[in-house]
Structure formats: C-alpha cells, structure tokens
Amino acid sequence: MGKIKKVLSSSKMVTVVWVLGFIAVWEIGATIVGFTKRTPENVLPHIYQIFGSMFSTKLINGSQTALQLVLSNAGVTLLRAGIGLVIGAAIGFLLAVLMSRFKIVEKTIFPYLMIIQMIPILGMAPIILAITKDIDQSRIIIAAILTFYPVATNTLAGFKSVEKEKQDLMYSLAASRYQIYKKLLLPTSLPYLFSGLKIAAPMAITASILVDTLQGSGGLGTLLSQSLKHAMSIYVFWQIVFVSAAIGILSYNLMSLLEKITSPYAKNKKKGEIK
Amino acid sequence: MKNIREKLSKFDFSAILAPVLFGVFIMILWQTQLLHKLIGTDVFTLPLPGRIVRIILDNSPTILQNTGATLIAALGGLLFGSLLGYLLGVLAAIFPKWGSGGLTIVSAFNAVPIIAIAPILNNLTKSISDEPQIRSMVAKILVVTLTSMIPMSVNAYRGLTNVKPFSEDLMKSLAASNWEIFSKLRLPNSVEYIFTALRISVPGAVISALVSEYFAEFIIGVGRQIRENIVLAQYATAWSYITVACLVGIILYVLLLIAEHAVLKKRR
C-alpha cells in the first residue's frame with residue numbers, strides 16, 4: 001500500500017496526470033465539436049484519429065504515407081534550422097568573445113543586441129527571402145539571426161560572471177590570453193551559452209517552418225499551407241502540429257542533454273543570466 | 001548645479017557615442033548604396049531610407065489603421081495572457097505539488113511553434129461571429145494570449161514562492177492568516193518577477209500578433225501587409241511596414257522599461 005502511495009505522489013506521476021488531463025480536455029472538446037460541426041476533422045479531431053492517421057498505410061502522394069511525408073519534410077526543416085542554429089551560435093559566440101576582449105566593441109554592439117531583441121525578426125522573413133531570392137539561404141539566415149543574439153548576450157553574461165580574482169590569479173601565473181580563455185572563461189560560460197541555445201533552438205525551428213510557408217520547396221511549412229488549403233488530407237495538418245510540437249520540445253531537451261555532457265560539473269546557480 | 005556636473009563627469013560618453021557612430025556608419029553605407037553591393041541586392045528590393053520614410057508619411061492613414069489592428073491583437077492578447085498566466089501562477093503557488101508539475105507542462109508549450117497554433121485557433125473560432133473581421137481578431141488575440149501566458153505563469157509562480165527564507169515561518173508564528181501571508185509577503189515579492197515575464201512576453205506578443213496575421217482570414221495588420229506587399233513585389237511599401245513593426249516593438253519595450261523603473265523605484 002505504501003509503495004503505491006509513493007508512486008502516486010512522485011513527480012513523474014504529477015506530469016502523467018497533467019498530460020492525461022490535457023488529453024481529457026482535448027477529447028471533450030473534440031466530442032462537442034464532433035456533434036456540432038459539419039466537418040469536425042477540420043476544427044478539432046479526436047487524438048486517436050490523428051494517431052490513427054499516422055499509422056495508416058494509405059499512400060497520399062503516390063509513394064509515401066502521410067507519416068512518411070510529414071517526417072521526410074520535418075527532416076528537411078530540421079536540417080535547415082540546424083545549420084542556421086550552428087552558424088548563429090558560432091557568430092554569437094565570436095561576438096561575445098570580441099565584446100569581452102574589447103570594451104569598445106561591447107559598447108558599440110550591445111545596444112544593438114538589445115534592440116534586435118525588441119524587433120520582430122520573424123516579420124522580416126518575407127523581405128529576407130526577397131533579398132536573397134533563395135529559400136534555403138533565407139531560412140538559414142533567419143534561423144541564424146534568431147540564434148545569434150540570445151547566444152551572444154548569454155555568453156557575454158557568462159564571461160562577466162567569472163570572478164576577477166581567478167583572472168588575476170591566472171594572469172599573475174603568466175597564463176597567456178588564450179590559456180585564460182580556454183581554461184577559465186570558456187568552461188565558466190558554457191552553461192550560459194547553453195541557456196542561450198535553449199531559447200534559440202525552438203525559435204530556429206519556428207523560423208524555419210515559417211519561411212517554408214512563404215514559398216513551396218519542401219519542408220514542414222510548405223506541407224502545412226498545402227494541407228490547410230485541402231490539397232491533401234487535413235490529418236497531414238494535425239500530424240504536422242504534433243510533429244512540430246515534438247521537435248520543438250526535443251530541440252530544447254537536446255540542448256539540455258548537450259549541456260550535461262559538456263559541463264557536468266556546472267553549478268546550477270547562475271548569476272545575471274538573461275532569459 | 002554641482003550635482004549635475006558631477007553626474008555628467010561620471011557619465012560615460014563613449015557608451016552613447018560608439019553605438020550612434022556605428023548606426024550612422026550603417027546609414028551612410030545604406031544611403032550611398034554600398035550596403036546593396038555588400039549583400040548583393042538592388043534599390044528595388046532594399047529601398048533607400050529616405051524613400052521608406054516618405055512612403056510611411058504618404059500612406060499614414062492606411063498604415064495607422066493596420067498598426068491599430070496589430071496593436072489590438074498584441075496588447076489584448078498580452079493583457080488576457082498575463083492575467084491568465086498570473087492566475088495560473090497563483091493556483092500553482094497555492095497547490096505547489098500539483099502546480100509545479102502543471103507548469104512544467106505549460107512551459108513545454110513554449111517550444112510549440114506559433115505557426116502550429118495559429119491555424120488551429122483560426123479553425124476553432126470560425127463560428128464565433130459572422131463577421132470575418134471580428135473572428136480573425138479573436139483568433140489573433142487567442143494566439144497572443146497563449147504565448148504571453150506561459151512566461152507569466154512560470155515567473156509568477158517563481159515570484160510567489162521564492163520568498164526570503166524564514167519570512168513565511170515568521171509570519172506563521174505571528175499568527176498571520178493565509179490571506180495575509182499571500183497579500184503581504186507573496187504578492188509584493190512577485191512584482192519584480194512580473195516584469196521579468198513581461199520583458200519576454202512583450203516582444204513575444206508583437207511577434208505572435210504579426211505571425212498570426214499571416215494565417216488570419218481577414219487581411220489586416222502590419223504583419224499581413226508586409227507579406228501582401230512582397231507578393232505584389234511592392235518592396236518599398238513592405239519595408240515601410242517592417243519599419244513600423246520594428247518601431248512598435250521598440251516603443252512597447254521602452255514603455256515597459258519606463259513602467260518597470262517607475263514601479264520598482266517606488267518600492268525601494
């Protein structure tokens with residue numbers, strides 16, 4: 001009896017109950033919609049219908065089932081978001097190093113980093129497409145822009161969190177600049193870098209999907225707008241909703257995992273972190 | 001007088017001069033079309049700043065109307081989302097065991113792309129009104145509500161529970177009622193966290209409003225105009241709407257910073 005109680009009160013159980021509650025609310029909504037709407041699958045289908053459609057073997061475009069189609073397009077979207085994320089993170093990191101090294105660079109750039117945070121970059125997606133005229137490039141560029149500023153600001157905060165005494169100590173032991181960065185600043189700033197990446201990763205995916213919708217050339221967004229216009233089964237749309245939610249959450253978890261691998265010794269406490 | 005001079009001498013002028021010079025430098029590159037050569041584009045897709053400003057001035061009535069629609073969606077959603085988020089935070093603080101688990105789920109929604117939410121809400125709100133103008137607006141406000149609810153609920157919970165150690169025990173030992181603990185300890189403690197949440201959700205609300213306009217039925221709003229004008233290859237007009245969108249984002253954020261300064265200063 002005691003064991004059951006322990007399982008019931010564990011934190012995993014709480015999550016499970018919440019997920020079940022969410023499913024219940026969805027299903028109640030779907031049932032109501034099912035009775036009141038002419039085409040309930042357009043508005044809110046039952047969850048089992050969506051998952052059912054994932055496992056149906058009916059071919060949708062001649063060669064692929066719905067799930068294969070969605071997943072292959074998700075791969076395309078993820079790849080582009082990933083490239084943009086890596087480029088953006090690299091630029092952001094370099095910028096943070098420059099800002100920590102040269103005060104004048106920080107003074108010049110930092111206000112603009114703050115301003116970029118305030119302006120809606122996603123709204124600029126169409127114009128970046130118009131400038132580059134290439135859908136792949138613009139996807140990567142927007143994902144990179146969305147990535148570089150959280151990474152830059154967070155990494156800079158990481159560099160600044162290093163105690164002055166430690167730097168002085170290394171300096172007095174005749175450590176070179178490179179050694180100070182490699183052995184002291186970099187390891188300390190890693191958790192900050194990752195909290196930047198955790199913000200950036202889901203955003204890069206959103207950006208990639210949004211840019212997809214602007215021009216048809218494969219990717220989740222293209223598929224999303226096609227299925228919304230009923231060019232194919234509406235369940236493709238619902239699968240995309242679930243798949244994009246899943247990859248958004250997974251991308252966040254992937255960053256947490258990478259953080260644990262690269263800096264297992266990191267303390268949980270972070271100072272001056274920008275969220 | 002002496003005071004002001006002291007302040008001025010302490011003030012670091014390079015902190016303002018450097019970024020301003022940088023901005024002027026970019027503007028010169030832009031106006032002299034060197035920027036166009038750098039990124040390989042022409043004056044047609046990236047018009048000169050002067051032309052963008054002129055278009056904004058010439059079309060100010062239309063632009064104002066679209067900006068109004070975007071502002072209603074963004075601010076309406078921000079208001080409802082923040083209230084709802086705070087309420088969720090309060091509920092989570094009252095029932096911490098179940099609440100914090102629930103908030104984990106809520107923050108998982110943070111990773112769900114807005115693109116996936118906007119069309120669902122569009123479909124859900126189809127039957128609300130016969131006027132496409134009204135039902136699109138409801139859908140947009142709902143999208144923004146969802147996106148701004150998440151940071152507020154998480155931060156409100158933090159603010160309501162991260163009270164100074166032993167302060168709660170002290171109040172309990174002084175026979176304070178639960179309501180007194182809430183209103184005199186937890187509530188004031190959460191104010192700072194409300195602004196932390198708003199710093200995330202104000203820019204977020206503008207972005208969600210713009211993106212949800214892309215999918216809305218009724219064609220209005222700054223975000224939609226950016227897209228429509230690019231489809232028509234009217235890049236200069238699209239740029240003027242982008243400029244407006246950036247201004248809206250910056251102005252709202254600055255207003256927030258001013259409000260934060262005013263409120264938190266009074267408390268100290």
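Here are some notes to help you find your way around this predicted model.

1. **Chain A at a glance.** A good place to start is the overall make-up of chain A, which has 12 helices and zero strands. Reading from the N terminus, then, you meet α elements from start to end. The chain has 275 residues, and buried residues make up 39% of them. If you look at contacts in chain A with a separation of 6 or more, 73% are between residues 24 or more positions apart.

2. **Two domains in chain A.** Chain A is divided into domain 1, covering 2–44, and domain 2, covering 53–262. Their C-alpha centres lie 31 Å apart. With these bounds in hand, you can move on to the helices.

3. **How α10 and α12 of chain A pack.** Two packed helices are described by the angle between their axes and the distance between the axes. For α10(A) and α12(A), the second of which spans residues 234–262, the angle is about 160 degrees and the axes are 9 Å apart. Angles over 145 degrees count as roughly antiparallel, so α10(A) is roughly antiparallel to α12(A). The crossing of α10(A) past α12(A) is right-handed.

4. **Who meets whom in that pair.** On the α10(A) side, the residues to pick out are A:L190, A:P191, A:F194, A:L197, A:K198, A:A201, A:P202, A:I205 and A:I209. Facing them from α12(A) are A:S244, A:I247, A:G248, A:S251, A:Y252, A:M255, A:S256, A:L258, A:E259 and A:T262. By class, this contact has 12 nonpolar, five polar and two charged residues.

5. **A closer look at A:A200.** Is A:A200 buried or exposed? It is buried, because 29 other C-beta atoms lie within 10 Å and 20 or more are enough for that label. This alanine is found in helix α10 of chain A, residues 177–214. Leaving aside residues up to four places away in sequence, A:A200 touches A:L85, A:G88, A:L146, A:T147, A:P150 and A:V151. For a sense of scale, A:A200 and A:I128 are 72 residues apart in sequence and 19 Å apart in space, C-alpha to C-alpha.

6. **Where the two chains touch.** The contact between the chains takes 42 residues from chain A and 45 residues from chain B. On the chain B side, at least two residues come from each of α2 (14–31), α6 (96–108), α7 (114–124), α10 (178–215), α11 (222–231) and α12 (235–267). Which helix gives the largest share of that side? It is α12(B), with nine residues. Sorted by class, the side of chain B that touches chain A has 34 nonpolar, nine polar and two charged residues.

7. **A helix pair within chain B.** Now turn to α7(B) and α10(B), which pack at an angle of about 55 degrees with their axes 9 Å apart. The two helices are therefore oblique to each other. As α7(B) passes α10(B), the crossing is right-handed. From α7(B), the contact draws on B:I114, B:I115, B:A118, B:P119 and B:N122, and from α10(B) on B:S208, B:V211, B:S212 and B:F215. Six of these contact residues are nonpolar, three are polar and none is charged.

8. **Two alanines with positive phi.** B:A175 is worth a look: its phi is positive, about 60 degrees, although it is not a glycine. You will find B:A175 in the loop between α9 (167–173) and α10 of chain B. B:A175 is exposed, because 7 other C-beta atoms lie within 10 Å and 12 or fewer count as exposed. B:A233 also has a positive phi, near 60 degrees. That residue is in the loop between α11 and α12 of chain B, and B:A233 counts as exposed with 11 C-beta neighbours inside 10 Å.

9. **A loop threonine that reaches chain A.** Finally, visit B:T41 in the loop between α3 (34–39) and α4 (49–58) of chain B. B:T41 is partly exposed, with 17 other C-beta atoms within 10 Å. What does B:T41 touch, not counting residues up to four places away in sequence? The answer is A:I131 in chain A, together with B:H36 and B:L46. Its C-alpha is 26 Å from that of B:I63, a residue 22 positions apart from B:T41 in sequence.

Key:
Residues numbered from 1 in each chain as written. Chains lettered and ligands numbered in written order. Predicted model: local features only at pLDDT ≥ 70, side-chain atom pairs only at ≥ 80, totals over all residues. Helix = DSSP H or I, 4+ residues; strand = E, 2+ residues; numbered from the N terminus. Contact = placed C-beta atoms within 7 Å. Nonpolar A, V, L, I, M, F, W, Y, C, P; charged D, E, K, R; others polar. Axes fitted to C-alpha atoms, helices over the stretch in contact; angles between N-to-C directions. Parallel < 35°, antiparallel > 145°, perpendicular 65-115°, else oblique. Left-handed = near helix turned anticlockwise from the far one by under 90°. Domains from an automatic or database assignment.
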